[in-house]
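Work through these short exercises with the sequence and the model open. Try each task before you read its solution.

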Amino acid sequence: MPQTLLLSGISGFIAKHVAARLLLAGHEVRGSLRTPARRDEVRAALLPAVGAEALDRLSFVTLDLESDAGWQEAASGVDAVVHTASPFPVAQPKDPQVLIRPAVEGTLRALRAARNAGVDRVVLTSSTAAVTNTAKAGPQDESDWCNPDAPDTSAYSRSKTLAEQAAWAFAKETGLQLTTINPGFVMGPPLDRHYGSSIGVIRRLLRGKDPMVPMLDFPVVDVRDVADLHLRAVERPDVAGLRILGVAGNMTMPAMAATLKRSFPDRRIATRVAPRPLLRMLALFDPQIRAILPAIGQSHPMSNARARQVLGMDFIAPEEALLASARWLIANGEV
């Protein structure tokens with residue numbers, strides 16, 4: 001049955017794909033933007049993906065994660081809220097609260113708006129960053145949590161963890177039917193040139209900006225699968241109360257580079273692994289490198305059993321997600 005859905009942060013890389021899947025499934029989407037000036041941008045991105053008829057079911061509201069203005073009105077009359085909006089940095093900020101405050105307060109603002117408007121169903125976009133327990137060996141699943149107080153926990157991981165924990169506490173207190181989708185490093189073809197930090201990493205590899213690559217290991221997923229997870233969660237009220245990991249598998253950055261090099265041999269793509277001492281030295285001058293230092297050499301495989309068994313997901317392979325990203329970047333002159 002078609003539903004009316006409030007989708008926060010619709011201009012985001014993931015959110016545009018979520019909007020496309022919801023619209024193609026016949027739902028009405030009320031997308032939130034911080035500024036109404038981006039309406040045409042979002043419409044232009046979605047039109048080739050969904051067509052004019054589906055796009056007629058899209059409307060917009062203006063909302064800010066750090067302001068109460070408009071939230072309850074935006075949630076009025078909807079069947080569910082899909083909350084994707086959250087800050088995502090390229091480099092970790094000097095003040096962690098720059099990320100944590102809007103993530104936590106914005107999530108609670110969306111959930112309070114839903115409750116006050118009489119909406120009892122929320123699907124929240126969290127992250128594997130809220131799952132990764134660096135003190136645990138072996139595969140991790142939905143029962144695991146990042147320790148936000150650990151000294152090596154980044155501001156981003158703290159923001160996602162604290163925001164999701166606040167959401168679950170709110171749901172328990174109020175009876176709100178909450179499901180979280182926890183995607184890993186999100187790859188796949190963007191719908192426009194506003195594609196965020198994860199595709200920016202692939203762009204950096206393709207441009208050959210660095211002579212070596214760090215030994216980073218990511219739980220990865222295609223954005224199209226992330227969108228499908230959101231759609232399935234919206235349409236399956238029986239998954240209320242569940243966290244669901246969106247992960248196709250793990251892939252290291254050197255493996256990404258090697259895959260890209262094989263597929264695009266004419267491109268100057270670095271495949272050598274950067275030694276840790278070199279990275280420590282570079283981190284003194286480069287905040288992006290400084291942000292990744294604690295994760296160098298670590299591997300935390302994630303289980304996607306719940307997504308496969310409960311939601312029937314069949315994930316796009318990591319290599320195909322990576323190459324889909326690369327093909328889009330090349331075809332659109334981004335590298």
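**Exercise 1. Contacts along the chain**

What share of the contacts in the protein chain with a separation of 6 or more comes from residues 24 or more positions apart?

Solution. The model is predicted. Take the contacts with a separation of 6 or more; residues 24 or more positions apart account for 79% of them.

**Exercise 2. Overall form**

State how the radius of gyration of the protein chain relates to the globule rule.

Solution. Start with the elements: the protein chain has twelve helices and ten strands. Its radius of gyration is 19 Å, and the globule rule gives 20 Å for 335 residues. The two values are close, so the chain is as compact as a globular protein of that length. Along the principal axes, the C-alpha atoms fill a box of roughly 55 × 45 × 40 Å.

**Exercise 3. Surface and charge**

Describe burial, exposed area and charge for the protein chain.

Solution. Burial comes first: 52% of the 335 residues count as buried. Next, the exposed area is about 14500 Å², and carbon and sulfur atoms supply 52% of that area. Last, count charges: 38 side chains are positive and 34 are negative. The centres of these two sets lie 6 Å apart.

**Exercise 4. One acidic residue**

Where does Asp-225 lie, and which side chain of opposite charge is nearest to Asp-225?

Solution. Locate the residue: Asp-225 sits in helix α7, residues 223-235. Asp-225 is buried. The nearest side chain of opposite charge is Arg-224, 6.8 Å away. A salt bridge needs the charged atoms within 4 Å, and Asp-225 has none. Now set aside neighbours within four places in sequence: Asp-225 contacts Met-313, Asp-314, Phe-315 and Ile-316.

Methods: Residues are numbered from 1 along each chain as its sequence is written. This is a predicted model: local features need pLDDT of at least 70, side-chain atom pairs count only at pLDDT 80 or more; totals for chains, interfaces and linings use all residues. Side-chain values use heavy atoms; hydrogens and water are left out. Helices (H or I, at least four residues) and strands (E, at least two) are DSSP runs, numbered from the N terminus. Buried means under 20% relative accessible area, exposed over 50%, partly exposed in between (1.4 Å probe, protein chains only). Lys and Arg count as positive and Asp and Glu as negative; His and the chain ends are not counted. Contact means heavy atoms within 4.5 Å. The radius of gyration is taken over C-alpha atoms; the globule rule is 2.2 Å times the number of residues to the power 0.38. Accessible areas come from the Shrake-Rupley method with a 1.4 Å probe; for residues, only the protein chains shown count as cover. The place of a charge is taken as NZ of Lys, CZ of Arg, CG of Asp or CD of Glu.
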